[in-house]
Amino acid sequence: MIDTTTEFGQRVARRLAEERIAWLTTIDSRGVPQPRPIWFLWDGETFLIYSRPATAKLRHIAERPQVALNLDGDGRGGDIIVFTGRAEVDPATPPADQHPAYAAKYEPGFARIGMTPAQFAASYSVAIRITPHKLRGH
């Protein structure tokens, strides 16, 4: 999906490895987009995020799994990266504190929000996989 032979593809790959926050947009029951900041892990094919149970985000995904995920731009209309794709709950994924790459990426974040990795995993116990279908940006 990401063509790393291009400057854009190289920038996308770098930002996916370095960025801590992305924006996930789901669609509510009235058809209204609902963006929210999320923590994510890109594995080269899918995005992994964790959610608290019984959230609006999970209801939206269950009813309308088409989502958008984007990274912040540069504040001047550049460095735009937007993925569109499909989200689904992934019960086979281990909890956040047992996922080495996710735990390593967000260990400082756990501490910042006053949680241990185990507390985060207990609170954000629902794994979601987003499979991107399209990438656009500049």
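**Note on a predicted model: core, sheet, helices and salt bridges**

1. The largest nonpolar core of this structure contains 34 residues. Those with the most contacts inside this core are Leu-16, Phe-40, Phe-47, Phe-83, Tyr-102, Phe-120 and Ile-130. As background, nonpolar side chains in soluble globular proteins tend to be buried together. The reader should keep in mind that this is a predicted model.

2. Phe-40 deserves a separate look. Not counting residues up to four places away in sequence, Phe-40 touches a list of residues that includes Leu-16, Phe-47 and Tyr-102. Charged residues are also on that list, among them Glu-19, Arg-20 and Lys-105.

3. The sheet is open and has 7 strands, in the order β2-β1-β5-β6-β7-β4-β3, with antiparallel pairing. Its edge strands are β2 (33–39) and β3 (41–42), each of which pairs on one side only. Within the sheet, β5 (residues 66–71) and β6 (residues 81–89) run antiparallel and are joined by 6 bridges. For a position to find by eye, Asn-70 stands opposite Val-82 in β6.

4. Two helices lie across strands of the sheet. Helix α1 (residues 7–18) lies across β3, β4 (47–51), β5, β6 and β7 (126–137), and runs at about 50° to β6. Helix α2 (residues 56–63) lies across β1 (21–27), β2, β4, β5, β6 and β7, at about 55° to β1.

5. Which residues of α2 are buried? They are Lys-57, Leu-58, His-60 and Ile-61. Seen down the axis of α2, the buried residues fall within an arc of 160°, so they line one face of the helix. The cover over these buried residues includes β1, β2, β4, β5, β6 and β7.

6. A search of the whole structure gives 10 salt bridges. In general, side chains of opposite charge can pair when their charged atoms come close. One of the salt bridges is between Glu-18 and Arg-14, at 3.4 Å from N to O. Both residues belong to helix α1 and are 4 residues apart, about one turn of the helix. An α-helix has 3.6 residues a turn, so residues three or four places apart point the same way. Glu-18 is partly exposed, with a relative accessible area of 48%, and Arg-14 is also partly exposed, at 39%.

7. Asp-79 and Arg-15 form another salt bridge through their side chains, at 3.2 Å from N to O. This pair links distant parts of the chain: Asp-79 is in the loop between β5 and β6, Arg-15 is in helix α1, and they are 64 residues apart. Is Arg-15 buried or exposed? Arg-15 is buried, because its relative accessible area is 4% and the cut-off for buried is under 20%.

8. The side chains of Arg-129 and Asp-43 also meet in a salt bridge, at 3.3 Å from N to O. Arg-129 lies in strand β7 and Asp-43 in the loop between β3 and β4, so this salt bridge ties together parts that are 86 residues apart in sequence. Arg-129 is buried, with a relative accessible area of 17%, whereas Asp-43 is partly exposed, at 46%.

9. Some salt bridges share partners. Through such sharing, Glu-7, Arg-11, Arg-15, Glu-19 and Asp-79 are joined into one network. Two members of this network, Arg-15 and Asp-79, are the pair that links helix α1 to the loop between β5 and β6. Another member, Glu-19, is among the residues that Phe-40 touches.

Notes. Residues are numbered from 1 along each chain as its sequence is written. This is a predicted model: local features need pLDDT of at least 70, side-chain atom pairs count only at pLDDT 80 or more; totals for chains, interfaces and linings use all residues. Side-chain values use heavy atoms; hydrogens and water are left out. Two strands pair if DSSP finds at least two bridges between them. Contact means heavy atoms within 4.5 Å. Axes are lines fitted to C-alpha atoms, for helices over the stretch in contact, and angles run from 0 to 180 degrees between N-to-C directions. A salt bridge is a side-chain nitrogen of Lys or Arg within 4 Å of a carboxyl oxygen of Asp or Glu. Buried means under 20% relative accessible area, exposed over 50%, partly exposed in between (1.4 Å probe, protein chains only). A nonpolar core is a set of buried Ala, Val, Leu, Ile, Met, Phe, Trp, Tyr and Cys residues joined through side-chain atoms within 4.5 Å. The arc is that of the directions from the helix axis to the C-beta atoms.
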